[in-house]
Amino acid sequence: MNDTATQPIFLKDYQEPHHWVRDVHLTFLLAPTATRVRSRITFVPNPQNPGDLELNGEDLRLLSVAVNGNDVPYEVTDTGLTIPAHALGEGDITFEAEVEIAPQENTALEGLYMSNGMYCTQCEAEGFRKITYYPDRPDVMGVFTVRIESDLPVLLSNGNPTQKGAGWAEWHDPWPKPAYLFALVAGDLVNHADTFTTKSGKAVDLNIWVRPGDEDKCAFGMEALKKSMTWDEDVYGREYDLDIFNIVAVDDFNMGAMENKGLNIFNSSCVLASPETSTDANFERIEGIIAHEYFHNWTGNRITCRDWFQLCLKEGLTVYRDQMFSGDMRSHPVKRIEEVLALRARQFREDNGPLAHPVRPESFVEINNFYTATVYEKGAEVIGMLRRVVGDEAYYKALDLYFDRHDGEAATIEDWLKVFEDTTGRDLAQFKQWYSQSGTPRLSVEETWDDGALTLFFSQETPATPSQTEKKPQVIPITVGLIGPNGDEVVPTTVLEMTEAEQSFTFENLGARPVASILRDFSAPVILNRHIDAPTRAFLLAHDTDPFQKWEMGRMLARDTLVAMIVDGTPPAATYLDAIRDVVVDDDLDPAFRALVLGLPSEDDIAQKLVDEGHTPDPQAIHDNRNELRRIRTDHLADILPALFDSMKTGAFVPDAEGSGKRSLRLAVLSMLTLIDGGAAARAAFAAADNMTEQAGSLRSLLLADMGQDALVAFEKQWKHDRLVMDKWFGMQVAYASPEKTAQIAQTLTQHPDFTMKNPNRFRAVFGALAGNHAGFHHESGAGYALLAKHLIELDKLNPQTAARMASAFETWRRYDPTRQDKMRAELARIGATKGLSRDMTEMVTRMLG
Ligand code: 0A1
Ligand code: ZN
């Protein structure tokens, strides 16, 4: 790596470009190893910042360049092409170039690449520069016209189709866009077609394009798309703005999906679905991702980002919107609990370690490393808080103003907050710290009771994070309700707005001392430290009217039980076991909710909790005690499990909230039953399964009990032709392996004929599962660390983006004992010392070791 490539760039250094783009004409002559790209671009000099014409370009073979039809002097480097200002003349500039690229050799899956004989593109964040010379920055927006020449039958690009003939097609996108939203697809594809009429009466053609054979897996995605279009009209007043909306499924894709204007490209795992091959979790995820990409049409595409530091402007808002949509389509409480589980598992973990960064980072080396849980999920939490602080009505007014004021622009977080300030008259300067301060605030609360008045004393503190030692108090919306001693709610949810380091709030005129329910609906992304005893937690678990807090109390009881078992061998108390039993048998509660209450904190969560309490986590001890608690709970519930299992059986598979809730409770019960019936129920369920949720769920139960061998063989035989189902087969046996076998199983799977380093889904199936198997990855032998490091080094040569993302498996290395720390640090150092390491991986390793 040379020095300039690893130099950070800074938000504070933003400057407008020397030239804007008006229109872009591209012609692609597609060929696997020698695609020609001809460009004709009209540039308009920027009077605010005159200078040379600066174009990005990487891995391009330049064939010709002309300005206004003439030869000009220019300089080409590894990263771009510059034409000196003096050679540009006055006024608008017509720039023309021809380059050659080799999509077949593109294993990084950025720019134009091939997947199973099909051409496709991925340009966010900076992939367009691998297609042609261009000012590849989001504030430069142009109107694109694209001609594709190829013998392949389906040729797609952004916008509306204009003309086509034998071996060619042309597309025109009337909406100016940055290059990261450019897309092209060419392949032998079939479509699942439908139409949608917008509320103003405009007819839109909808297509999901897939490889032949996958057409029966598109119906669910299409329904999700139509629901998303309706929802965005109803809730945000946003209509679709082209004649056609295309989605394409691609097998080789680094991320989940991409919101290219009018031509969304999806990882096939995030769009293809059928009851036989997809689990309830897959269906839910697909619905959410289709919505997410569709919603980007307004939040991201019509209003885009000025620069990549503003990534959360589009991602935080779009995640917030897709979360609201999913809640409306399914169950808000269940969705909220799932969001918090994911936030704690990924974002809190990130915020607590060497990769912590603000929702709006201030510098980066490689932007691809900042598509993180902090930017996305914490970014969405910040929007939820903003809405709580200003109220629903002001929120929607501010959004209307945002769309009116910034449509067609590349905006900033300052622009975003200003629409809220202008709508509400509030000063949001302190609130803005949520965008600039990294780390998860710790919120502590104490309470006093005095003659009918309950006072809550809050204090907040955010721990130091890399390059941020001083932290200021944040604006924290704290939702509180009060429950009377008889279990009735005496004060409904109110929002307390905390702005100081320490602040108290008093509720007066109360009859008897109530129990406070604090941080309802998880109103802020903070860690709440509150010392209440187990009976009080059990009381709230039984009586809280807020489903999130009700669940949270069960979770806290489980967590404290586990910590006490691990730290001093205290056995689980009846308070916890009885409280769980009461929830599980309560038929008035949603089965999905009951299943969530049955879930135990992950081993990774417990490790972090032990660190927070001053202990060094022992992964094996965490694993053993967690299993022991599963066994004790199973004994405590044994008499009710068989009947509960049977009663949650569903009829014909419908991937809706109701069916999925029942199946999740049924499978949670099955994994307990498997501990006491020798695997009989799980084997029977596996053999009889007519849907993947039940099949994979019963296989999981068997694997967790180390009884899955026969089922694994049968599963492979049944599904070896289906790549997405086989990803599950690869992943599950690593994810649920016992600690001493995990690395060995992963290693053996890399020798399987269907394992390939070139498909990100397959690589993630094995190595994501290895990193996610806490006790297996952290096994004292160090085999898990060594195996992952070896494969990350190999993958980095092919696909730096995916390799670098997966390196975050090591981000928690400082939590553990000196021996494990030494081993992990040594693996990181080994990766870091690799010759020719990518910029992506270099940055990740440097930050983790820093
Ligand atoms: N913008 C897409 C996800 C995405 C992000 C980065 C990528 O490459 C670096 C690719 C896709 C979304 O939010 O869905
Ligand atoms: Zn997004």
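Here are four short exercises on this predicted model, each with a worked solution.

Residues are numbered from 1 along each chain as its sequence is written, while chains are lettered from A and ligands numbered from 1 in the order in which they are written. Because the model is predicted, local features need pLDDT of at least 70 and side-chain atom pairs count only at pLDDT 80 or more, whereas totals for chains, interfaces and linings use all residues.

**Exercise 1. Find out which residues surround ligand 1, and what kinds they are.**

Step 1. Start with the shell: 14 residues surround ligand 1, where a residue is near a molecule if its C-beta atom, placed from the backbone, lies within 6 Å of it. The closest are Glu-124, Met-255, Met-258, Asn-368 and Tyr-371.

Step 2. Next, look for the elements that give two or more residues to this shell: they are strand 19 (257–258) and helix 2 (280–295). Helices (H or I, at least four residues) and strands (E, at least two) are DSSP runs, numbered from the N terminus.

Step 3. Sort the shell by type, and you get 5 nonpolar, 5 polar and 4 charged residues. Here Ala, Val, Leu, Ile, Met, Phe, Trp, Tyr, Cys and Pro count as nonpolar, Asp, Glu, Lys and Arg as charged, and the others, Gly among them, as polar.

Step 4. Now go back to Glu-124: the peptide bond from Glu-124 to Ala-125 is cis, with omega near -5 degrees. Ala-125 sits in the loop between strand 10 (118–122) and strand 11 (142–149).

**Exercise 2. Work out the order of the strands in the open sheet that contains strand 19.**

Step 1. The order is 16-17-18-20-19, five strands with mixed pairing; two strands pair if DSSP finds at least two bridges between them.

Step 2. Check the edges: strand 16 (190–197) and strand 19 each have a single partner strand, so one side of each is left without a neighbour in the sheet.

Step 3. Inside the sheet, strand 18 (residues 244–250) and strand 20 (residues 263–267) pair in the parallel sense over 5 bridges. Ile-247 stands opposite Asn-264 in strand 20.

**Exercise 3. Trace the sheet 27-26-29 and the helix that lies across it.**

Step 1. This open sheet has 3 strands and antiparallel pairing. Strand 27 (489–498) and strand 29 (515–518) are at the edges with a single partner strand each, so one side of each lacks a neighbour in the sheet.

Step 2. Follow strand 26 (residues 476–483): it pairs with strand 27 over 7 bridges and with strand 29 over 4 bridges. Ile-478 faces Leu-496 in strand 27, and Leu-482 stands opposite Ala-516 in strand 29.

Step 3. Judge the cover: 7 of the 8 residues of strand 26 are buried. A residue is buried if 20 or more other C-beta atoms lie within 10 Å of its own, exposed if 12 or fewer, and partly exposed in between, with C-beta atoms placed from the backbone.

**Exercise 4. Decide whether Leu-519 and Asp-521 are buried or partly exposed.**

Step 1. Leu-519 and Asp-521 each lie in the loop between strand 29 and strand 30 (527–530).

Step 2. Read the backbone: phi is near 70 degrees for Leu-519 and about 55 degrees for Asp-521, positive values in residues other than glycine.

Step 3. Count neighbours: Leu-519 has 21 C-beta neighbours inside 10 Å, so it counts as buried. Asp-521 has 18 and therefore counts as partly exposed.

How values were computed. Contact = placed C-beta atoms within 7 Å. Axes fitted to C-alpha atoms, helices over the stretch in contact; angles between N-to-C directions.
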